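Here's a quick briefing to read alongside the structure. Have the viewer open, and hop between the topics as you like.

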Amino acid sequence: MTAFEANFDGLVGLTHHYAGLSFGNEASTRNQLQPSNPRLAARQGLLKMKALADMGYVQGVIPPHERPNLPLLRQLGFSGRDEQVLAKAAAQAPHLLSAASSASAMWVANAATVSPSADSADGRVHFTVANLNNKFHRAIEAPQTAALLRAIFRDTGHFSVHDALPQVALFGDEGAANHNRFGAVYGDAGVQLFVYGRDDRQPVAAPQRYPARQTREASAAVARLHQLDPQRTLFAQQHPAVIDQGVFHNDVIAVSNQQVLFCHEDAFVDQPQLLASLAACVADFQPIVVPRAQVSVADAVNTYLFNSQLLQHPAGGMRLVLPEESRQHPGVWRYLNQLVASGGPIRELKVFDLRESMCNGGGPACLRLRVVLTEAERAALNPAVLMNDRLFATLNAWVDKHYRDRLTQADLADPALLSEGRTALDELTQLLDLGCVYAFQR
């Protein structure tokens with residue numbers, strides 16, 4: 001059956017700020033407490049979405065979450081009117097106010113794991129919302145994410161959105177950032193690779209400095225929920241040594257599309273065996289393994305070389321969508337140009353300025369959720385979220401109307417920011433035909 005890959009990018013929220021909440025994400029920690037520019041961040045994301053839509057890719061938008069999260073703050077014991085809750089949290093526990101205000105839901109590669117209908121026994125596209133339970137500011141996202149996905153992929157005859165796995169460490173699940181799918185043709189049954197950071201049955205093989213967020217138990221549970229063929233499902237462990245160097249998700253050290261895997265030499269435990277397994281079950285498998293002698297893990301983390309989008313090129317081969325930081329690093333940029341000149345599957349480099357997202361540790365791949373769709377499935381989703389000239393102009397005008405161009409952690413206690421966010425999101429639900437998906441609307 002004819003199918004294609006669509007990208008659904010997260011729209012940056014109004015409370016985008018640098019709080020250093022994500023231990024293990026070195027960019028997030030490095031830029032802690034610096035002022036941010038939410039308006040610029042949203043505009044940078046929209047520019048990438050529109051550029052990909054103009055190239056012919058199907059591109060959708062996933063809305064931000066309501067922030068600050070007042071119900072959460074009340075659950076944590078801060079009482080009173082809205083402005084009193086904010087003031088008490090700012091005075092007594094500013095780190096909790098920051099977590100409750102995080103715009104981290106913009107990185108929708110962590111929103112869910114997605115399996116296309118060609119791979120699922122019931123012939124539906126399956127989504128399992130990630131529980132993200134390794135980080136408090138992200139663990140609170142799951143209910144809102146589920147509501148938004150169901151507002152977009154609303155036809156249950158074509159789509160199944162599963163709630164997050166149990167919120168316990170055994171089932172730590174970070175979504176599509178640790179998931180790859182291989183296959184030369186999108187509409188044919190593919191091979192799915194789940195990458196985990198730790199296996200509680202083998203606790204010795206674990207990182208020592210930074211946490212391993214994805215567990216093998218979570219990956220296995222998602223594969224069962226999605227009704228995948230065990231013969232076409234692989235599990236691999238991310239190398240603990242690279243996690244300790246800041247590779248908090250697999251998409252910081254590897255990216256794939258169709259029959260191509262672009263990864264670092266040190267990405268996986270027992271990498272030669274994994275590559276052999278993929279070659280055995282993926283027709284025309286083409287690994288591109290970047291030698292550590294040419295690009296170190298540290299350089300990969302600093303430039304987000306692998307946190308790129310590997311997209312099918314209309315002329316054949318692949319197009320690699322990269323952050324500006326990759327171009328600014330002489331060694332990485334030299335390697336990439338040599339790669340294109342080599343005549344391999346990567347034919348073109350496309351660079352975007354995503355500095356606002358990058359400063360918080362999220363590159364091009366973090367900002368998008370990949371969904372393989374048939375034409376019938378495309379027709380069944382909410383069409384109002386698909387990027388085109390009109391939506392691009394509408395969302396840019398919406399951003400300019402509602403977003404601030406400077407935000408610090410101290411601003412999170414401003415009741416006006418809460419009011420601005422609710423007004424903006426109420427308007428956005430109408431622009432994107434979402435219905436009542438936010439708590440304040442009920």
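**Briefing: strands, site and cores**

P68 sits in the loop that runs between β2 (59–62) and α3 (70–75). The peptide bond linking R67 to P68 is cis, with omega at about -5 degrees. Keep in mind that this is a predicted model. The bullets below start with backbone oddities, then go through β10 and its partners, the annotated site and the cores.

**Unusual backbone angles**

- As background, most residues other than glycine have a negative phi, and most peptide bonds are trans.
- Q227 isn't a glycine, yet its phi is positive, at about 55 degrees. You'll find Q227 in the loop between α8 (216–225) and β8 (233–237), and it is partly exposed, with a relative accessible area of 34%.
- D270 is another non-glycine residue with a positive phi, near 50 degrees. D270 is placed in the loop between β10 and α10.
- Q258 also takes a positive phi near 50 degrees, in the hairpin of β9 and β10, where two residues separate the strands.

**β10 and its partners**

- How many residues of strand β10 (residues 260–264) are buried? Five of its five are, so the strand counts as mostly covered, buried here meaning under 20% relative accessible area.
- V260, F262 and H264 point one way from β10, while L261 and C263 point the other way; all are buried.
- On one side of the pairing, strand β9 (residues 254–257) meets β10 in the antiparallel sense, over four bridges. N257 is the residue opposite V260 in β10.
- β10 also pairs with strand β11 (residues 286–290), this time in parallel, through five bridges. There, C263 has V289 of β11 as its bridge partner.
- Put β10, helix α10 (residues 271–281) and β11 together and you get a right-handed β-α-β unit.

**Two residues in helix α10**

- Q271 belongs to helix α10 and is buried, at 6% relative accessible area.
- The Q271 side chain gets to the backbone nitrogen of F268 at 2.9 Å.
- Apart from residues up to four places away in sequence, Q271 touches C263, H264, E265, D266 and V289. C263 and V289 are the bridge partners from β10 and β11 mentioned above.
- A279 is in helix α10 too. Is A279 buried or partly exposed? A279 is partly exposed because its relative accessible area is 47%, and that label covers values between 20% and 50%.
- A279 and Q259 are 20 residues apart in sequence, with a C-alpha to C-alpha separation of 9.3 Å.

**The annotated site**

- The unreviewed UniProt entry lists E174, H249 and C366 under "active site". They are spread over 193 residues of sequence but cluster in space, the largest C-alpha distance being 11.3 Å.
- E174 is in the loop between β5 (159–162) and β6 (179–182). E174 is buried, with a relative accessible area of 2%.
- Leaving out residues up to four places away in sequence, E174 touches A109, N110, A130, L132, N133, N134, R213, Q214 and H249. So one of its contacts, H249, is itself on that UniProt list, contact meaning heavy atoms within 4.5 Å.
- C366 lies in the loop between α14 (355–358) and β15 (368–374), and it is buried, with a relative accessible area of 2%.
- Beyond neighbours within four places in sequence, C366 contacts M106, W107, V108, A109, D251, N307 and G361. A109 turns up in the contacts of E174 and in those of C366.

**Cores and a buried strand end**

- In soluble globular proteins, nonpolar side chains tend to be buried together.
- The largest nonpolar core here has 105 residues, and F8, F127 and F262 have the most contacts inside it. Helix α7 (residues 142–152) contributes the most to this core, with six residues.
- A second core, separate from that one, has 15 residues, including L72, A93, L97 and L417.
- V129 is in strand β4 (residues 125–129) and is buried, with a relative accessible area of 0%.
- Not counting residues up to four places away in sequence, V129 touches a list of residues that includes A142, T145, A146, L149, V161 and H162.
- V129 and V222 are 93 residues apart in sequence but 9.5 Å apart in space, C-alpha to C-alpha.

How values were computed:
Residues numbered from 1 in each chain as written. Predicted model: local features only at pLDDT ≥ 70, side-chain atom pairs only at ≥ 80, totals over all residues. Heavy atoms only, no water. Buried < 20%, exposed > 50% of the residue type's maximum accessible area, 1.4 Å probe, protein only. Pairing = 2+ DSSP bridges. Right-handed = clockwise from strand over helix to strand, strands pointing away. UniProt positions renumbered as here; feature names shortened; annotations may be inferred. Core = buried A, V, L, I, M, F, W, Y, C linked by side-chain atoms within 4.5 Å. Polar contact = N/O pair within 3.5 Å; in protein donor to acceptor, adjacent residues only side chain to side chain.
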